[in-house]
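Visitor: I am new to this one. Please pick a single part, look at it closely, and then tell me how the rest is arranged around it.

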Amino acid sequence: MPYELQALIGPAELLAVAVAEVPAAHLSPLAQGLALIPATPAFLSALQLRGGVGASGGNAGFTWFPDGLGLRVAAWSKAGPIACVEADYFGGAGTQRAAVWSDGRLDLGPLTSGEFEPFPPEGSPISRALRRIGARVQGGCADEFESVGLPAHSSTVRWVTPG
């Protein structure tokens, strides 16, 4: 079964501020006081229009990162760390990318794992980013990815419309 995710993840209270600024954003709760804003077409389009050309603030190598998002994430991260994550898997093979902004700057990454590339001992890019924003392995889970509930939906848009 395929799995794809493109999202911002951070403390729920912090991301609620982002949702208030960008009405097209949707806040989905995760475990451990974290939340996720899926990078839906509506959310990305709203940021593209507000950011304008040349306002990217750096895309950290993400394929879905519109102009405007880098500066927004940097500004929001002054109040707490925010991770940008992407994963694309099919049949057990795939890729991951993650980065964390904190105090208004890129603080971790971008971290990348290529197709068929084993994760390093410190974990997958997304688990490492989650760890940086405060997630911990809990409840017999294999890693932070599982502990916060990221396997709950198999696609980015399903975080908005579960089913």
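Guide: Among contacts in the protein chain between residues at least 6 apart in sequence, 49% join residues at least 24 apart; a contact here means heavy atoms within 4.5 Å. This is a predicted model, in which local features need pLDDT of at least 70 and side-chain atom pairs count only at pLDDT 80 or more, while totals for chains, interfaces and linings use all residues. Residues are numbered from 1 along each chain as its sequence is written, and side-chain values use heavy atoms, with hydrogens and water left out.

The chain has five helices and six strands. Both kinds of element are DSSP runs numbered from the N terminus: helices are H or I runs of at least four residues, and strands are E runs of at least two. In sequence order they give the pattern β-α-β-β-α-α-β-β-β-α-α. Of the 163 residues, 48% count as buried, which means under 20% relative accessible area; exposed means over 50%, and partly exposed lies in between (1.4 Å probe, protein chains only). The chain exposes about 7,500 Å², and carbon and sulfur atoms supply 56% of that area. Such areas come from the Shrake-Rupley method with a 1.4 Å probe, and for residues only the protein chains shown count as cover.

The part for a close look is helix H4, residues 125-132. Its buried residues are Pro125, Ile126, Ser127, Ala129 and Leu130. What do they pack against? Their partners are five strands and a helix: E1 (3-11), E3 (34-38), E4 (82-90), E5 (93-102), E6 (105-113) and helix H5 (144-147). Just after H4 comes Gly134, with a positive phi of about 110°.

Some of the strands touched by H4 also pair with one another. Strands pair if DSSP finds at least two bridges between them. E1 and E4 do so in the antiparallel sense over seven bridges, and one bridge sets Gln6 opposite Glu86 of E4. E1 also pairs with E3, again antiparallel, over five bridges; there Ile9 has Leu36 of E3 as its bridge partner.

E6, another partner of H4, contains Pro110. A cis peptide bond joins Gly109 to Pro110, with omega about 10°. Ahead of E6, in the loop that follows E5, is Asp103. Asp103 has a positive phi near 55° although it is not a glycine, and it counts as exposed because its relative accessibility is 58%. Gln32, in the loop between strand E2 (28-29) and E3, is another non-glycine residue with a positive phi, about 65°. Gln32 counts as partly exposed because its relative accessible area is 28%. As background, most residues other than glycine have a negative phi, and most peptide bonds are trans.

The other helices can be taken in order. Val17 belongs to helix H1 (residues 12-21) and is partly exposed, at 43% relative accessible area. Val17 and Ala79 stand 62 residues apart in sequence, yet their C-alpha atoms are 9.9 Å apart. In helix H2 (residues 41-51) sits Ser45, partly exposed at 37%. From Ser45 to Ala24 the sequence separation is 21 residues and the C-alpha distance 8.6 Å. Helix H3 (residues 69-76) holds Arg72, which counts as buried because its relative accessibility is 19%. The side chain of Arg72 makes a polar contact with the side chain of Glu21 at 3.4 Å. A polar contact is a pair of N or O atoms within 3.5 Å; within protein, one must be able to donate a hydrogen and the other to accept it, and residues adjacent in sequence count only if both atoms are side-chain atoms.

Last, the cysteines. A disulfide is a covalent bond between the sulfur atoms of two cysteines; the cut-off used here is a sulfur pair within 2.5 Å. The structure holds zero disulfides. Cys84 is buried, with a relative accessible area of 0%, whereas Cys141 counts as partly exposed at 21%.

To return to H4: Pro125, Ile126, Ser127, Ala129 and Leu130 are its buried residues, and they pack against E1, E3, E4, E5, E6 and H5.
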